[in-house]
Amino acid sequence: MSKNHSTESDASSNASVSRHIRRLSNKERLKQFLSLFKRDDSVLIVIVADPDSMASAFAVKRLLSRRVSDITIVHPNIIKRLNNLAMRDILKIPLQSLRSIKKDEYNKFVLLDSQPTHREEFANMHFDAVIDHHPLTEGWSAPFIDVREEYGANCTMLAEYLKSARITPSAALATAMFYGIKVDTHNFTQKASPADILCFQHLFKRVNKYWLNKIERSDIRKAEIKYFKAAFSNLKIRKNRIYVHIGRITNPDILVVVADFLTHVHDIGWVIVSGLSGEKLIVIFRCDGYKKNAGKLAERVFGPYGSAGGHKESARAEVSIKNLPAKLAFNFETTTLMKMFMKHLD
Ligand SMILES: [Mn+2]
């Protein structure tokens, strides 16, 4: 069977493989998936590492353990988020970078929570199985394709495979899947299917809540505590809005942590936090969403200078400091940030 040619017939066969697998019962689907593998197979599981994909890979590793000769999980991206590093380390999920392995030492390839069209690194890889919950893309093929867009989390699908295989997840695996579902559904405030809710409920009693707490809370590096000091001394409150320019930062993630923290303040409708990273001014927007739109405000204020946008309640702008009018760019501080919003907020 020819693979990965972007022809019409392949595209339609890809959709039809997926349609066929969708129609199967959970048991039949599991059977088909397992039938891809033989005892002496070396399996490479490929993910773009995030909580949902890590949990999915962990589940497939469990599903195939004792069925194949060896299983390796790899990811092309660098894991920067502290929560994700904590998840990997606390739950002992064995991950390696895609660059660190030799592909020809493996004979079976599984892609989870992603599709071959999602990243350049996947374009010339031939996958035996793709299990994903993103919209089905064209121009690739695989013998086994299970793509269910309506699922909030990919690992919910894997939890169904485990259930059909009568495998009870360990505390580490259950915690991984539980966290994966929480993150991908934004604690069930965004896309979630009844299957995600059922799975969440089913996993609940196996979750280690201490591990889960530690993973969820680990989002500040020790070296970043100092930015809170800067934030508290620089912040200005006007009307029901908090503005803070933190100054120079090494990792923009801290701006998100500070902004989210400040949304806890009573009677505050807007939080706008900025920092300088390299040549860039990064601005994080948070609002309560009531008659407000963070994405639109970000676009109005920063759109003319760089990339800006987001959702109703949260948004982000990244602009090269050189693109700002000289009188703003020179010595940017909290009052400069406030000035930029004057025209746009009453
Ligand atoms: Mn996902």
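**Exercise 1.** How far apart do the C-alpha centres of domain 1 and domain 2 lie?

*Solution.* The model is predicted. Start with the division of the protein: domain 1 covers 8-217 and domain 2 covers 223-342. Then take the C-alpha centre of each domain; the two centres are 35 Å apart.

**Exercise 2.** Find which strands pair with strand 5, and in which sense.

*Solution.* Step one: locate strand 5 at residues 129-132. Step two: look at strand 4 (residues 108-112), which runs parallel to strand 5 and is joined to strand 5 by three bridges. In this pairing, V110 has A129 as its bridge partner. Step three: turn to strand 6 (residues 144-147), which pairs with strand 5 in the parallel sense over four bridges. Here A129 stands opposite F144.

**Exercise 3.** Sort the residues of strand 5 by the way they point, and state whether they are buried or exposed.

*Solution.* Begin with the general pattern: side chains in a regular strand alternate between the two faces of the sheet. In strand 5, A129 and I131 point one way. V130 and D132 point the other way. On both sides the result for burial is that all of these residues are buried.

**Exercise 4.** Is R66 buried or exposed?

*Solution.* First place the residue: R66 is in the loop between helix 3 (51-64) and strand 2 (70-75). Next count its neighbours: R66 has 7 C-beta neighbours inside 10 Å. A residue with 12 or fewer is exposed, so R66, with 7, counts as exposed. Finally, relate R66 to R39: the two are 27 residues apart in sequence, and their C-alpha atoms are 8.1 Å apart in space.

Methods. Residues are numbered from 1 along each chain as its sequence is written. This is a predicted model: local features need pLDDT of at least 70, side-chain atom pairs count only at pLDDT 80 or more; totals for chains, interfaces and linings use all residues. Domain bounds come from an automatic or database domain assignment. A residue is buried if 20 or more other C-beta atoms lie within 10 Å of its own, exposed if 12 or fewer, and partly exposed in between; C-beta atoms are placed from the backbone. Helices (H or I, at least four residues) and strands (E, at least two) are DSSP runs, numbered from the N terminus. Two strands pair if DSSP finds at least two bridges between them.
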